[in-house]
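Subject: Structure handover

Hello,

Here is the structure you asked about. Please open it alongside this note.

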Amino acid sequence: MRIPLSVLDLAPVARGETVGDSIAASVALAQRAEEAGYRRVWYAEHHNMPTIASSATSVLIAHVAAHTGTIRLGAGGVMLPNHSPLTIAEQFGTLASVHPGRIDLGLGRAPGSDQNTMYALRRDPASADRFPQDVLELQGYLTGNSRVPGVQAVPGRGTDVPLYVLGSSMFGAGLAAALGLPYAFASHFAPQMLEPAVAAYRRDFRPSEQLDAPYVIAGVNVLAADSTEEAREMLAATRRRLAVGLFGQGRDLDDDAADLLLSSGAGRHVNSMLTHTAAGTPDEVREQLTAFARLADADELITAHQAPTTEARLRSVTLAAEAMESVPA
């Protein structure tokens with residue numbers, strides 16, 4: 001049995017495309033992942049980012065679920081401090097009721113936005129401090145063991161939607177271990193603490209009703225292509241896109257301007273974000289993903305396919321799955 005592969009989809013909105021185009025591409029990506037044998041597709045909550053269309057995560061999951069048949073779908077993740085636990089329990093309880101056995105709920109405590117957007121979300125700046133308590137409250141609603149007297153999640157109660165703790169630091173590792181939940185590490189963009197966080201999670205894990213042994217999902221960027229040169233070109237385009245998105249101050253910069261950003265300091269940050277990237281032909285991607293799985297001590301890899309076009313992302317999903325078919329877990 002191969003190591004399980006999954007997909008993280010940010011529903012990117014490319015230059016010249018609409019949000020509708022992006023969502024149609026997400027449907028196509030999930031359908032391709034389902035055909036290729038991936039375990040799950042997750043969507044990340046971000047706000048006020050013109051190049052990302054996954055802000056209303058539960059709505060996007062519902063749409064994709066209606067156009068797929070078997071693949072698991074979920075949040076990777078919902079930024080729980082932006083919401084009340086009851087609201088998220090109702091949303092994901094609804095999804096689980098319509099699509100039983102297919103819905104995951106990954107939870108993060110970052111805002112997924114900037115300070116002004118936090119205000120627009122009516123987010124309490126101290127809400128992240130309540131994240132552990134909010135996770136437990138949400139879990140209570142979904143299992144039918146509400147921690148708030150007289151309040152039940154309808155839909156939601158008894159759906160037992162599986163929870164996952166997302167993180168890129170020791171905090172998330174400690175929380176996931178203490179609560180006996182699976183841990184998903186965001187090594188596809190924040191790789192610095194990957195090894196110590198996973199080691200701490202495995203060492204301190206306490207079995208729970210949901211999970212009897214630690215389970216690690218590690219994020220990795222993938223650019224699988226038919227030739228090494230094509231993969232290199234896609235990697236260069238990805239570096240430019242990240243530089244403009246992070247440091248372009250909202251401007252729509254051409255490739256030359258993006259290269260200037262990369263050469264002026266943004267390149268170090270972008271290179272750090274892309275530390276764990278498998279790019280190349282299927283053989284090259286197999287070697288890189290296998291090495292990463294060992295490094296991360298991962299039970300499952302969640303792959304972020306960073307190619308600049310929908311067609312290239314679909315091809316990358318197919319090639320990566322074929323490449324890893326013979327790699328044992």
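Below is what was found, strand by strand and then site by site.

Please keep in mind that this is a predicted model.

**Strand E3 and its neighbours**

Start with strand E3, residues 72-79. Seven of its eight residues are buried, so E3 is largely enclosed by the rest of the structure.

E3 pairs with strand E2, residues 40-43. The two are parallel, and four bridges link them. To find the pairing on screen, look for Trp-42, which sits opposite Gly-74 in E3. Between E2 and E3 the chain passes through helix H2, residues 57-66. That β-α-β crossover is right-handed.

E3 also pairs with strand E4, residues 103-108. Here too the sense is parallel, with five bridges. Val-78 is a useful marker: it stands opposite Leu-107 in E4. Helix H3, residues 85-98, completes a β-α-β unit with E3 and E4. This unit is right-handed.

**Arg-2**

Next, the start of the chain. Arg-2 lies in the segment before strand E1, which covers 5-9. Is Arg-2 buried or exposed? Its relative accessibility is 12%, and the cut-off for buried is under 20%, so Arg-2 counts as buried.

What does the side chain of Arg-2 contact? One of its polar atoms lies 2.9 Å from the backbone oxygen of Gly-37. The Arg-2 side chain also makes a polar contact of 3.2 Å with the side chain of Glu-325.

**Val-27**

Val-27 belongs to helix H1, residues 19-36. With a relative accessible area of 9%, Val-27 is buried. For a sense of scale, take Val-27 and Tyr-215, which are 188 residues apart along the chain. Their C-alpha atoms are separated by 28 Å.

**The second largest pocket**

Last, a pocket. The second largest one has a volume of about 320 Å³. Its lining has 15 residues. Which of them lie nearest the centre? They are Gln-139, Thr-143, Asn-145, Glu-209 and Gln-210.

Helix H5, residues 131-143, gives the largest share of the lining, with five residues. By type, the lining of this pocket splits into six nonpolar, six polar and three charged residues.

**Where to look**

If you have only a few minutes, view E3 between its partners: E2 pairs with it over four bridges, and E4 over five. Then go to Arg-2 and its contact with Glu-325. Finish at the pocket, with Gln-139 among the residues nearest its centre.

Best wishes

Definitions and conventions: Residues numbered from 1 in each chain as written. Predicted model: local features only at pLDDT ≥ 70, side-chain atom pairs only at ≥ 80, totals over all residues. Heavy atoms only, no water. 1 Å grid on protein atoms, 1.4 Å probe; cavity = no way out; pocket = protein on both sides within 12 Å on 5 of 7 lines; lining within 4 Å. Points joined across faces, edges and corners; volume = space filled by probe spheres on them. Nonpolar A, V, L, I, M, F, W, Y, C, P; charged D, E, K, R; others polar. Buried < 20%, exposed > 50% of the residue type's maximum accessible area, 1.4 Å probe, protein only. Pairing = 2+ DSSP bridges. Right-handed = clockwise from strand over helix to strand, strands pointing away. Polar contact = N/O pair within 3.5 Å; in protein donor to acceptor, adjacent residues only side chain to side chain.
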